[in-house]
Amino acid sequence: MLGAVGSGKTVLAMRFVLDLLKNRRPGAPVPEIFSLGSWNPKVETLEHWLSSQLSRVMSGLDRVTADGTTLTEKLVGIGRILPVLDGFDEIAQDLQGAAWMELSRTALPWVLTSRTDVYRRAMADTGGLQHAAVIELAPLTPDEAVEYLRLRSSRHDAPAWNLVQAEIQGNPEGPLGLALSTPLMVDLAAIVHGEQGTSGVDEAARGPKRLLTATRFDTREAIEDDLLGAFLPVVYRDRPEKDRAQAQRWLGYLADHLHRIGTRDDLAWWELGASMSLRARTAVISFLSGLFFALASAIGSTLVDLIATSHGLGFAIQHGLVVGLLHGLVTGLAFGLLYRRIAYNYLLRPFPVGVRLFGRSRQHGGRLAQKVVIGSLVGFVVALVIVLVDRLVAPSLGLDDGLKVGLLSAIVFPLVVGLGAGLAGGLMAWLETPIDVMSAVSYTDLLRANRAYVISSLSIWALTLGLVAGLASSFTETPLRSIQLGVAFAVEGGFGAGIGYGLCLTAWGQWVAFARIWLPLTGRLPWRLITFLEDARQRGVLRKSGAMYQFRHRRLRDHLADTFQAG
């Protein structure tokens, strides 16, 4: 399906999918729209990319079957998915030849949308396809364009609309005639210059006469840029000027973010920090995880000193704060190094899983072993460094609480913590179960599911580390002392190490660290991001695509990104 920019290719693809679903017979392929902008054909085959895209947003479909393949790979392989590939022109130009060769190779049936000029260039470079039916969307006629503008405006009989019609009929190849030949620009013109668009804005700057005076621009692109530039001020016309400027800046950042990460279409909530440099992201994760562990360690240490020593409240608080700071520095560094190691790992995807003790459908795969290994190693290393801090640094500062452990305990401590952390990670993977496919179909549904998973993780970390520490210490300590150690480890493990784990190894942690803390703190996104995104959708700036948002059109996204970069 070919056409010019804004000719309605994506809308036609959506209508095709909806009509096919409406009349689909059992066992027939299921049509699914895929935005091609994130596909690198030199790295992934079409089948593998389609499978990974489905697994990203559909719960349970990444489960490994008996023959070692995932459900998505099997569905794609046996032809149960009909891919509707939207935006061939969104693929980087130096990859389009490879993409075309890959599309020629596959045995899958598919439907493709593309700009006409890009399609023709790809055909000339690669020799084209055999037996491919082509539908090309025709431009709007002047009568069709003006009729739509009249319907969207209360100025049905205004002479200005007659003048607009006369201009594009008399000069259909002129700048205005070409600009108003696509549904996108005609719709923008109706929003910007119609009665509903001009209400509350400068009448001299908006309205049908503006379209006529715009003919002073030399090119079609200049008129289109004028419409795109006026779109946000008009749809946010009910907000103060300061709020309009903020909305443009935030939307510009989101558009620029899509350009930087290369996906270009889907605003995935777990990737909103991905356009930051790896160094900057590592610093944020390291600071936040260290901060939370420092608070938890300070509280745990203070409680132990209050119960097990006679130094008093003042000393307990002072000792707790210093020890918490030292422990926070150690764990912050450890979690920062861990995050840098797995920053591009699949672990940071929002796995659509929940935690359930009974009646669950397990999907372990390599996740259980991987989490056990990661948890054990990180727990052992962090505990080893903490022992050195407690035995060497704290006493040198005059904060020896008299609870210094012996050599044997100092050796056993890292092993116990490593064992507890590994068990916590393994238990989380063992209790995971796919959530219902239909229960995570929106932006907030998937976010809530991942948040519930992380909260469950914190409870399991606290319980596991507390029990392991209490049982291990029961061999060398009194029952009271064992309980104290168990409580302290539960606090530090659940609300310190557990939060660090959530920030480093979960999609919700990425959302909290970047979209809810760092990016709003630096002014690049609003504090109430989901409210802002939903408001932008209601105003027609964004649209929903499954569990993600998209800009209403790629041309608008590109315009906002260019404006943001220029500013």
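1. Angles between axes count as roughly parallel under 35 degrees, roughly antiparallel over 145, roughly perpendicular from 65 to 115, and oblique for the rest. The axes themselves are lines fitted to C-alpha atoms, for helices over the stretch in contact, with angles running from 0 to 180 degrees between N-to-C directions. These terms are applied to three helix pairs below.

2. Basis of the note. This is a predicted model, in which local features need pLDDT of at least 70 and side-chain atom pairs count only at pLDDT 80 or more, while totals for chains, interfaces and linings use all residues. Residues are numbered from 1 along each chain as its sequence is written, and side-chain values use heavy atoms, with hydrogens and water left out.

3. Overall make-up. The protein has 22 helices and nine strands; helices (H or I, at least four residues) and strands (E, at least two) are DSSP runs, numbered from the N terminus. Of its 567 residues, 50% are buried, where buried means under 20% relative accessible area, exposed over 50%, and partly exposed in between (1.4 Å probe, protein chains only). Among contacts (heavy atoms within 4.5 Å) with a separation of 6 or more, 74% join residues 24 or more positions apart.

4. Cores. A nonpolar core is taken as a set of buried Ala, Val, Leu, Ile, Met, Phe, Trp, Tyr and Cys residues joined through side-chain atoms within 4.5 Å. The largest one has 77 residues, and those with the most contacts inside it are Tyr 236, Leu 251, Leu 254, Val 541 and Phe 551. Another core lies apart from it and has 22 residues, including Phe 34, Leu 50, Val 76 and Leu 103. Not counting residues up to four places away in sequence, Leu 254 touches Leu 267, Leu 272, Leu 525, Leu 533 and Phe 551.

5. Helices α13 and α21. The axes of α13 and α21 come within 12 Å and cross at roughly 95 degrees, and the two helices are therefore roughly perpendicular to each other. From α13 the contact takes Ala 247, Trp 250, Leu 251 and Leu 254; from α21 it takes Phe 532, Leu 533 and Ala 536. By class, these residues are seven nonpolar, no polar and no charged. The classes are nonpolar for Ala, Val, Leu, Ile, Met, Phe, Trp, Tyr, Cys and Pro, charged for Asp, Glu, Lys and Arg, and polar for the others, Gly among them. In α21 (residues 529-538) the buried residues are Leu 529, Phe 532, Leu 533, Glu 534 and Ala 536. Gly 540, just after α21, takes a positive phi of about 90 degrees.

6. Helices α13 and α22. The axes of α13 (residues 241-261) and α22 (residues 554-566) come within 7 Å, crossing at roughly 105 degrees. That makes α13 roughly perpendicular to α22. Residues of α13 in the contact include Leu 251, Ala 255 and Leu 258, and those of α22 include Leu 560, Ala 561 and Phe 564. This contact divides into seven nonpolar, five polar and four charged residues.

7. Helices α4 and α5. The axes of α4 (residues 93-105) and α5 (residues 116-126) come within 10 Å and cross at roughly 65 degrees. The pair is therefore roughly perpendicular. The crossing of α4 and α5 is right-handed, that is, the near helix is turned clockwise from the far one by less than a right angle, whereas anticlockwise would be left-handed. Gln 93, Gln 96, Gly 97, Trp 100 and Met 101 of α4 meet Val 118, Tyr 119, Arg 121, Ala 122, Met 123 and Thr 126 of α5. Here the division is six nonpolar, four polar and one charged.

8. Two buried helix residues. Gln 53 lies in α2 (residues 46-57) and is buried, with a relative accessible area of 17%. Leaving aside neighbours within four places in sequence, Gln 53 is in contact with Phe 34 and Ser 38. Val 234 is in α12 (residues 220-235) and counts as buried at 2% relative accessibility. Its C-alpha atom is 6.2 Å from that of Val 192, and the two residues are 42 apart in sequence.

9. The loop between α7 and α8. Asn 171 lies in this loop, as does Pro 172. Asn 171 is partly exposed at 34% relative accessible area, and Pro 172 is partly exposed at 38%. C-alpha to C-alpha, Asn 171 is 9.8 Å from Pro 142, which is 29 residues away in sequence. Pro 172 and Thr 141, 31 residues apart along the chain, have C-alpha atoms separated by 8.6 Å. Apart from neighbours within four places in sequence, Pro 172 is in contact with Gly 177 and Leu 178.
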